[in-house]
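This report describes the fold of one protein chain for a reader who is new to structural analysis. Please keep the sequence and the model in view while reading.

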Amino acid sequence: MSREIPIAEGLFTWPAEQPALLGSRCNDCGVATFPQASSCMACSGENVSVEELPRRGKLWTWTVQRFMPKAPYDSGETMETFQPYGVGYVELPGGVRVEGRLTENDPSRLSIGMEMEVVFEPYRTQDNGDTVIGFFFRPVA
Ligand SMILES: [Zn+2]
């Protein structure tokens with residue numbers, strides 16, 4: 001039987017009813033980081049807690065990637081099947097900016113400041129049949 005496995009351990013809750021990205025927040029200075037880290041990027045303190053990040057934020061900057069990505073972003077695509085995709089930073093409430101793929105690759109449908117929500121969808125299929133789940137940002141309709 002094939003399984004659904006997350007693209008990396010500790011990036012988001014999985015499996016879960018309501019999957020969410022996992023970040024770490026510094027208990028000393030309050031700065032949040034994604035992906036989670038064992039020490040604070042701002043003050044180097046190690047008094048950090050892992051927390052689920054908000055699912056919605058605002059598109060901070062974006063671009064459309066028109067070339068095959070290199071590992072570790074290998075999606076299993078070939079030069080023939082590759083489709084340009086949007087990639088961007090989404091600023092979540094609390095100030096943490098998360099880089100991720102966008103579900104949209106049409107520049108006319110993307111604009112800085114628009115509201116985005118995180119979704120968890122198949123990213124690629126492994127040779128053993130397992131589906132790798134990644135996270136994407138989708139414009140909120
Ligand atoms: Zn800190």
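## Burial and the basis of the report

A residue is called buried if 20 or more other C-beta atoms lie within 10 Å of its own, exposed if 12 or fewer do, and partly exposed in between, with C-beta atoms placed from the backbone. By this rule Asp 28 is partly exposed, because 13 other C-beta atoms lie within 10 Å. Of the 141 residues of the protein, 18% count as buried.

The model is predicted: local features need pLDDT of at least 70, side-chain atom pairs count only at pLDDT 80 or more, and totals for chains, interfaces and linings use all residues. Residues are numbered from 1 along each chain as its sequence is written.

## Overall architecture

Helices (H or I, at least four residues) and strands (E, at least two) are DSSP runs, numbered from the N terminus. The protein has zero helices and nine strands, and its elements follow the order β-β-β-β-β-β-β-β-β from the N terminus. The radius of gyration is 16 Å, close to the 14 Å that the globule rule gives for 141 residues, so the protein is as compact as a globular protein of that length. Here the radius of gyration is taken over C-alpha atoms, and the globule rule is 2.2 Å times the number of residues to the power 0.38.

Along its principal axes, the C-alpha trace spans about 50 × 40 × 30 Å. Two residues are in contact if their C-beta atoms, placed from the backbone, lie within 7 Å. Among contacts between residues at least 6 apart in sequence, 52% join residues at least 24 apart.

## The three-stranded sheet

Two strands pair if DSSP finds at least two bridges between them. Three strands form an open sheet in the order S3-S2-S4, with antiparallel pairing. Strand S3 (32-33) and strand S4 (48-52) stand at the edges, each with a single partner strand, so one side of each is left without a neighbour in the sheet. Strand S2 (residues 22-26) is joined to S3 by two bridges, and Ser 24 has Thr 33 in S3 as its bridge partner.

Asp 28 lies in the loop between S2 and S3. Leaving out residues up to four places away in sequence, Asp 28 touches Cys 40, Cys 43, Gly 45 and Asn 47. Asp 28 and Val 48 are 20 residues apart along the chain, and 7.9 Å separates their C-alpha atoms.

## Strands S5 to S9

Strand S5 (residues 56-65) pairs with S6 in the antiparallel sense over seven bridges; in one of these, Val 64 is matched with Gly 86 in S6. S5 is also joined to S8 by three antiparallel bridges, and Lys 58 stands opposite Glu 115 in S8. Five bridges join S6 to S7, again antiparallel, and Tyr 89 is partnered with Glu 99 in S7. S6 and S7 form a hairpin with five residues between them, where Gly 94 in the turn has a positive phi of about 105°.

Nine bridges join S8 to S9 in antiparallel fashion, with Thr 125 opposite Thr 131 in S9. Five residues lie between the strands of this hairpin, and Gly 129 takes a positive phi near 95°.

In a regular strand the side chains alternate between the two faces of the sheet. Strand S6 (residues 85-91) shows such alternation: Gly 86, Gly 88 and Val 90 point to one face and are buried, while Tyr 85, Val 87, Tyr 89 and Glu 91 point to the other and are not.

## The nonpolar core

A nonpolar core is a set of buried Ala, Val, Leu, Ile, Met, Phe, Trp, Tyr and Cys residues joined through C-beta atoms within 7 Å. In the largest one, which has 15 residues, Phe 12, Leu 21, Val 90, Phe 135 and Phe 137 touch the most other members. Strand S7 (97-102), strand S8 (115-125) and strand S9 (131-139) are the elements that give two or more residues to this core.

Phe 12 is found in the loop between strand S1 (4-6) and S2. Phe 12 is buried, because 23 other C-beta atoms lie within 10 Å. Beyond its neighbours within four places in sequence, the contacts of Phe 12 include Leu 21, Phe 120 and Phe 135. On the same basis, the contacts of Val 90 include Trp 60, Met 116 and Phe 137.
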